[in-house]
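Biologist: Could you walk me through this one from scratch? I'd like to go topic by topic and ask as we go.
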Amino acid sequence: MKTAAFTTFELKVNAAGSWANVGRYPAADYDRVKTACLILAETAKNSVKFKTLDEDGGVLEVLSMDGGSLKWRDARKWT
């Protein structure tokens, strides 16, 4: 998923009905951060959600249930 379109990205989490900032990370760590989120969401029995945002605040991907399993979905395809 890493692209030249961004050099850093922001991670947000929703565990209680509103989105909270987790941090900003280099694009080179995008896949590692996504893997860590997947592990956390599975461990929390899917009670938390994660999303990544580009440097301009546009949503890149959202971690959500899809067909009974957690998957990262490309939010840019929804628009």
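Biologist: What does the accessible surface of the protein chain come to, and what percentage of it belongs to carbon and sulfur atoms?

Modeller: In this predicted model, the accessible surface of the protein chain comes to about 4,900 Å², and carbon and sulfur atoms account for 53% of it.

Biologist: And how many of the residues are buried, as a percentage?

Modeller: Of the 79 residues in the protein chain, 34% are buried.

Biologist: What about the overall dimensions, say the box and the radius of gyration?

Modeller: Taken along the principal axes, the C-alpha atoms fill a box of roughly 35 × 25 × 20 Å. The radius of gyration is 12 Å, which agrees with the value near 12 Å that a compact globule of 79 residues would have. Among the contacts with a separation of 6 or more, 41% are between residues 24 or more positions apart.

Biologist: Okay, on to the fold. Which elements are there, and in what order do they run?

Modeller: The secondary structure comes to 1 helix and 5 strands, and from the N terminus on the elements run β-β-α-β-β-β. The 5 strands form an open sheet in the order E2-E1-E3-E4-E5, with antiparallel pairing.

Biologist: Which strands stand at the edges?

Modeller: Those are E2 and strand E5 (69–74); each has a single partner strand, so one side of each is left without a neighbour in the sheet. On average, neighbouring strands of this sheet are turned by 25° against each other, with direction ignored.

Biologist: Where does the helix go, then?

Modeller: H1 packs on the sheet, where it touches E1, E2, strand E3 (49–53), E4 and E5, and its direction makes about 30° with that of E4.

Biologist: Let's zoom in on the pairing. How many bridges join E1 to E2, and what lies between them?

Modeller: Strand E1 (residues 8–14) and strand E2 (residues 19–26) run antiparallel and are joined by 7 bridges; one example is Val 13, whose bridge partner in E2 is Ala 20. The two strands form a hairpin with 4 residues between them, and in the turn Gly 17 has a positive phi of about 100°.

Biologist: And at the other edge, how many bridges join E4 to E5?

Modeller: There, 6 bridges join strand E4 (residues 59–66) to E5, and these strands also run antiparallel. Ser 64, for instance, has Lys 71 in E5 as its bridge partner.

Biologist: Changing topic: how many aromatic pairs does the structure hold?

Modeller: It holds 4 aromatic pairs. One of them is formed by Phe 9 and Tyr 30, which meet edge-to-face, at 4.7 Å centre to centre and with 75° between the planes. This pair links distant parts of the chain, since Phe 9 is in strand E1 and Tyr 30 is in helix H1 (residues 30–43), 21 residues apart.

Biologist: Are those two buried or exposed, and which residues form the aromatic cluster?

Modeller: Both Phe 9 and Tyr 30 are buried, and they belong to one aromatic cluster that is formed by Phe 6, Phe 9, Tyr 25 and Tyr 30.

Biologist: What else is in contact with Tyr 30 or Phe 9, over in E3 maybe?

Modeller: Thr 52, which is found in strand E3, is in contact with Phe 9 and Tyr 30, and its other contacts beyond four places in sequence include Leu 11, Leu 60 and Trp 72. Thr 52 counts as buried because its relative accessibility is 0%.

Biologist: And Ala 41, where is that and what does it touch?

Modeller: Ala 41 sits in helix H1 and is buried, with a relative accessible area of 0%. Not counting residues up to four places away in sequence, Ala 41 touches Asn 46, Val 48, Phe 50, Leu 63 and Leu 70.

Biologist: You mentioned Asn 46; what is its phi?

Modeller: Asn 46 has a positive phi of about 65° although it is not a glycine. Most residues other than glycine have a negative phi. Lys 45 likewise has a positive value, near 55°.

Biologist: Where are Lys 45 and Asn 46 found, and how exposed are they?

Modeller: Lys 45 lies in the loop between H1 and E3, and Asn 46 has its place in that loop between H1 and E3 too. Lys 45 counts as exposed, at 70% relative accessibility, whereas Asn 46, at 36%, counts as partly exposed.

Technical notes
Residues numbered from 1 in each chain as written. Predicted model: local features only at pLDDT ≥ 70, side-chain atom pairs only at ≥ 80, totals over all residues. Heavy atoms only, no water. Pairing = 2+ DSSP bridges. Phe/Tyr/Trp six-rings, centres within 6.5 Å; stacked < 30°, edge-to-face > 60°. Buried < 20%, exposed > 50% of the residue type's maximum accessible area, 1.4 Å probe, protein only. Axes fitted to C-alpha atoms, helices over the stretch in contact; angles between N-to-C directions. Contact = heavy atoms within 4.5 Å. Rg over C-alpha atoms; globule rule 2.2 N^0.38 Å. Areas by Shrake-Rupley, 256 points an atom, 1.4 Å probe, with all protein chains shown as cover.
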